[in-house]
Amino acid sequence: MINVAGHRIGTEEIEGALLRDRQRNPQSPVRNAVVIGAPHEEKGLVPGAFVQTPPGRPLTDQDRLRLDALVRSEKGAVAVPGDYIAVQEFPETRSGKYMRRLLSDLLRGEQPGDTSALRNPDALAAIHPLVEKWRAREALRANQQVIERLRYVRTNYLSAGPGLE
(Lines give C-alpha, C1' and ligand atoms only; values in the text may rest on other atoms or scores of the structure.)
Protein backbone atom coordinates (compact mmCIF):
# COMPACT_ATOMS: atom_id res chain seq x y z
CA MET A 1 0.00 0.00 0.00
CA ILE A 2 1.15 3.50 -0.79
CA ASN A 3 -0.39 6.80 0.24
CA VAL A 4 -0.75 9.13 -2.75
CA ALA A 5 -1.94 12.58 -1.67
CA GLY A 6 -4.12 11.03 1.03
CA HIS A 7 -5.41 8.14 -1.10
CA ARG A 8 -4.33 4.63 -0.09
CA ILE A 9 -3.65 2.54 -3.17
CA GLY A 10 -2.59 -1.09 -3.41
CA THR A 11 0.46 -1.54 -5.61
CA GLU A 12 -0.73 -5.00 -6.64
CA GLU A 13 -3.86 -3.46 -8.17
CA ILE A 14 -1.77 -1.13 -10.31
CA GLU A 15 0.53 -3.98 -11.31
CA GLY A 16 -2.50 -6.03 -12.34
CA ALA A 17 -3.78 -3.18 -14.50
CA LEU A 18 -0.37 -2.85 -16.17
CA LEU A 19 -0.22 -6.59 -16.84
CA ARG A 20 -3.68 -6.51 -18.44
CA ASP A 21 -2.11 -4.50 -21.25
CA ARG A 22 -0.48 -7.72 -22.41
CA GLN A 23 -3.88 -9.42 -22.59
CA ARG A 24 -5.36 -6.59 -24.63
CA ASN A 25 -2.35 -5.96 -26.84
CA PRO A 26 -0.26 -8.94 -28.04
CA GLN A 27 2.60 -6.60 -29.03
CA SER A 28 2.77 -5.12 -25.54
CA PRO A 29 6.31 -4.71 -24.20
CA VAL A 30 5.13 -5.40 -20.63
CA ARG A 31 6.39 -8.79 -19.47
CA ASN A 32 6.04 -8.03 -15.78
CA ALA A 33 5.70 -5.00 -13.52
CA VAL A 34 6.59 -3.95 -9.99
CA VAL A 35 5.03 -0.79 -8.56
CA ILE A 36 6.43 0.98 -5.51
CA GLY A 37 6.01 4.38 -3.94
CA ALA A 38 8.30 6.96 -5.54
CA PRO A 39 9.02 10.19 -3.64
CA HIS A 40 7.16 13.31 -4.77
CA GLU A 41 7.48 16.85 -3.40
CA GLU A 42 3.78 17.65 -3.20
CA LYS A 43 2.01 14.30 -2.97
CA GLY A 44 4.45 12.53 -0.70
CA LEU A 45 4.50 9.38 -2.81
CA VAL A 46 3.36 8.54 -6.33
CA PRO A 47 3.28 5.12 -7.94
CA GLY A 48 6.54 4.35 -9.69
CA ALA A 49 6.46 1.43 -12.12
CA PHE A 50 9.40 -0.78 -12.97
CA VAL A 51 8.38 -2.57 -16.16
CA GLN A 52 10.21 -5.64 -17.39
CA THR A 53 10.51 -5.47 -21.17
CA PRO A 54 11.89 -7.92 -23.72
CA PRO A 55 15.55 -7.37 -24.67
CA GLY A 56 15.86 -4.63 -27.26
CA ARG A 57 12.26 -3.43 -26.82
CA PRO A 58 12.09 -0.10 -24.97
CA LEU A 59 8.92 1.54 -23.74
CA THR A 60 7.78 4.10 -26.29
CA ASP A 61 5.75 7.21 -25.59
CA GLN A 62 2.73 5.45 -27.11
CA ASP A 63 3.23 2.53 -24.72
CA ARG A 64 3.39 4.92 -21.75
CA LEU A 65 0.25 6.75 -22.84
CA ARG A 66 -1.59 3.45 -23.34
CA LEU A 67 -0.51 2.18 -19.91
CA ASP A 68 -1.53 5.49 -18.31
CA ALA A 69 -4.97 5.31 -19.93
CA LEU A 70 -5.42 1.69 -18.86
CA VAL A 71 -4.55 2.36 -15.21
CA ARG A 72 -6.66 5.53 -15.20
CA SER A 73 -9.69 3.68 -16.55
CA GLU A 74 -9.34 0.74 -14.14
CA LYS A 75 -8.06 2.35 -10.92
CA GLY A 76 -8.49 6.11 -11.26
CA ALA A 77 -6.24 9.09 -11.88
CA VAL A 78 -4.39 8.90 -8.54
CA ALA A 79 -3.18 5.39 -9.40
CA VAL A 80 -1.45 6.38 -12.65
CA PRO A 81 2.32 5.88 -12.24
CA GLY A 82 4.38 9.03 -12.17
CA ASP A 83 6.92 7.36 -14.42
CA TYR A 84 7.96 4.03 -15.87
CA ILE A 85 11.45 2.58 -15.67
CA ALA A 86 12.07 -0.17 -18.22
CA VAL A 87 14.30 -2.96 -16.90
CA GLN A 88 15.46 -6.32 -18.22
CA GLU A 89 15.04 -8.17 -14.92
CA PHE A 90 14.12 -7.52 -11.31
CA PRO A 91 16.31 -8.30 -8.32
CA GLU A 92 15.01 -11.62 -6.97
CA THR A 93 15.56 -13.68 -3.86
CA ARG A 94 16.65 -17.26 -4.23
CA SER A 95 13.00 -18.29 -3.93
CA GLY A 96 12.02 -16.01 -6.85
CA LYS A 97 10.37 -13.14 -4.97
CA TYR A 98 11.06 -9.61 -6.16
CA MET A 99 13.03 -7.44 -3.74
CA ARG A 100 10.80 -4.35 -3.67
CA ARG A 101 12.72 -2.95 -0.72
CA LEU A 102 15.88 -2.62 -2.81
CA LEU A 103 14.02 -0.85 -5.61
CA SER A 104 12.43 1.49 -3.09
CA ASP A 105 15.83 2.25 -1.54
CA LEU A 106 17.21 3.13 -4.96
CA LEU A 107 14.32 5.49 -5.72
CA ARG A 108 14.80 7.28 -2.41
CA GLY A 109 18.52 7.68 -3.12
CA GLU A 110 19.58 5.39 -0.30
CA GLN A 111 22.11 2.61 -0.44
CA PRO A 112 20.49 -0.81 -0.77
CA GLY A 113 20.87 -2.83 2.37
CA ASP A 114 21.77 -6.48 2.55
CA THR A 115 21.90 -8.02 -0.92
CA SER A 116 23.27 -11.41 0.08
CA ALA A 117 19.88 -13.06 -0.49
CA LEU A 118 19.75 -12.03 -4.15
CA ARG A 119 19.80 -14.68 -6.82
CA ASN A 120 20.82 -12.09 -9.42
CA PRO A 121 22.80 -9.19 -7.89
CA ASP A 122 23.77 -8.03 -11.38
CA ALA A 123 20.12 -6.99 -11.94
CA LEU A 124 20.47 -4.41 -9.19
CA ALA A 125 23.66 -3.09 -10.76
CA ALA A 126 21.86 -2.73 -14.11
CA ILE A 127 18.88 -0.91 -12.52
CA HIS A 128 20.99 1.57 -10.54
CA PRO A 129 22.00 3.81 -13.52
CA LEU A 130 18.40 3.77 -14.79
CA VAL A 131 17.18 5.00 -11.42
CA GLU A 132 19.87 7.69 -11.34
CA LYS A 133 18.63 8.96 -14.72
CA TRP A 134 15.09 8.96 -13.32
CA ARG A 135 16.21 10.91 -10.24
CA ALA A 136 17.94 13.50 -12.47
CA ARG A 137 14.77 13.87 -14.60
CA GLU A 138 12.66 14.28 -11.46
CA ALA A 139 15.00 16.98 -10.10
CA LEU A 140 14.84 18.81 -13.43
CA ARG A 141 11.03 18.48 -13.48
CA ALA A 142 10.79 19.90 -9.96
CA ASN A 143 13.00 22.85 -10.91
CA GLN A 144 10.90 23.50 -14.02
CA GLN A 145 7.73 23.52 -11.90
CA VAL A 146 9.24 26.15 -9.60
CA ILE A 147 10.15 28.29 -12.60
CA GLU A 148 6.62 27.91 -14.01
CA ARG A 149 5.05 28.92 -10.70
CA LEU A 150 7.28 31.96 -10.32
CA ARG A 151 7.17 32.89 -13.98
CA TYR A 152 4.62 35.64 -13.63
CA VAL A 153 5.46 36.83 -10.13
CA ARG A 154 6.20 40.52 -10.13
CA THR A 155 7.35 42.51 -7.16
CA ASN A 156 6.27 46.13 -6.82
CA TYR A 157 7.99 48.31 -4.29
CA LEU A 158 5.82 51.19 -3.15
CA SER A 159 6.99 54.04 -1.05
CA ALA A 160 5.37 54.40 2.33
CA GLY A 161 4.73 58.08 1.80
CA PRO A 162 6.58 61.31 2.44
CA GLY A 163 8.63 61.17 5.59
CA LEU A 164 7.86 57.46 6.29
CA GLU A 165 10.64 55.96 4.25
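A helix here is a DSSP run of at least four residues, numbered from the N terminus. This is a predicted model. Two topics follow: its pockets and helix H2.

**Pockets**

Helix H4 gives the most to the lining of the largest pocket, with 7 residues. H4 spans residues 121–150. Strands S3 (32–40), S4 (44–52) and S5 also supply at least two residues each. In total, 27 residues line this pocket. Closest to its centre are Pro39, His40, Val46, Glu138 and Arg141.

The second largest pocket draws two or more lining residues from S5 and H4. Its lining includes Asp83, Tyr84, Ile85, Lys133 and Arg137. Arg141 lines the second largest pocket too.

| Pocket | Volume | Nonpolar lining | Polar lining | Charged lining |
|---|---|---|---|---|
| Largest | about 540 Å³ | 16 residues | 4 residues | 7 residues |
| Second largest | about 190 Å³ | 5 residues | 1 residue | 5 residues |

**Helix H2**

Helix H2 covers residues 61–75, which makes 15 residues. From first C-alpha to last, H2 reaches 21 Å, close to the 21 Å expected at 1.5 Å a residue.

Which residues of H2 are buried? They are Asp63, Leu67, Asp68, Leu70 and Val71. Seen down the axis of H2, the buried residues fall within an arc of 165°, so they line one face of the helix. Helix H1 (11–24) and strand S5 (83–87) are among what covers them. On the other side of H2, Asp61, Gln62, Leu65 and Ser73 are exposed. Just after H2 comes Gly76, with a positive phi of about 105°.

S5 thus appears in both topics: S5 helps cover the buried residues of H2, and S5 supplies lining to the largest pocket.

Conventions. Residues are numbered from 1 along each chain as its sequence is written. This is a predicted model: local features need pLDDT of at least 70, side-chain atom pairs count only at pLDDT 80 or more; totals for chains, interfaces and linings use all residues. Side-chain values use heavy atoms; hydrogens and water are left out. The expected span of a helix is 1.5 Å times one less than its number of residues. Buried means under 20% relative accessible area, exposed over 50%, partly exposed in between (1.4 Å probe, protein chains only). The arc is that of the directions from the helix axis to the C-beta atoms. Contact means heavy atoms within 4.5 Å. On a 1 Å grid over the protein atoms alone, a cavity is a set of points where a 1.4 Å probe fits but cannot get out, and a pocket is an open set with protein on both sides within 12 Å along at least five of seven lines; lining residues have an atom within 4 Å of a point. Grid points are joined across faces, edges and corners, and a volume is the space filled by probe spheres set on the points. Ala, Val, Leu, Ile, Met, Phe, Trp, Tyr, Cys and Pro count as nonpolar, Asp, Glu, Lys and Arg as charged, and the others, Gly among them, as polar.
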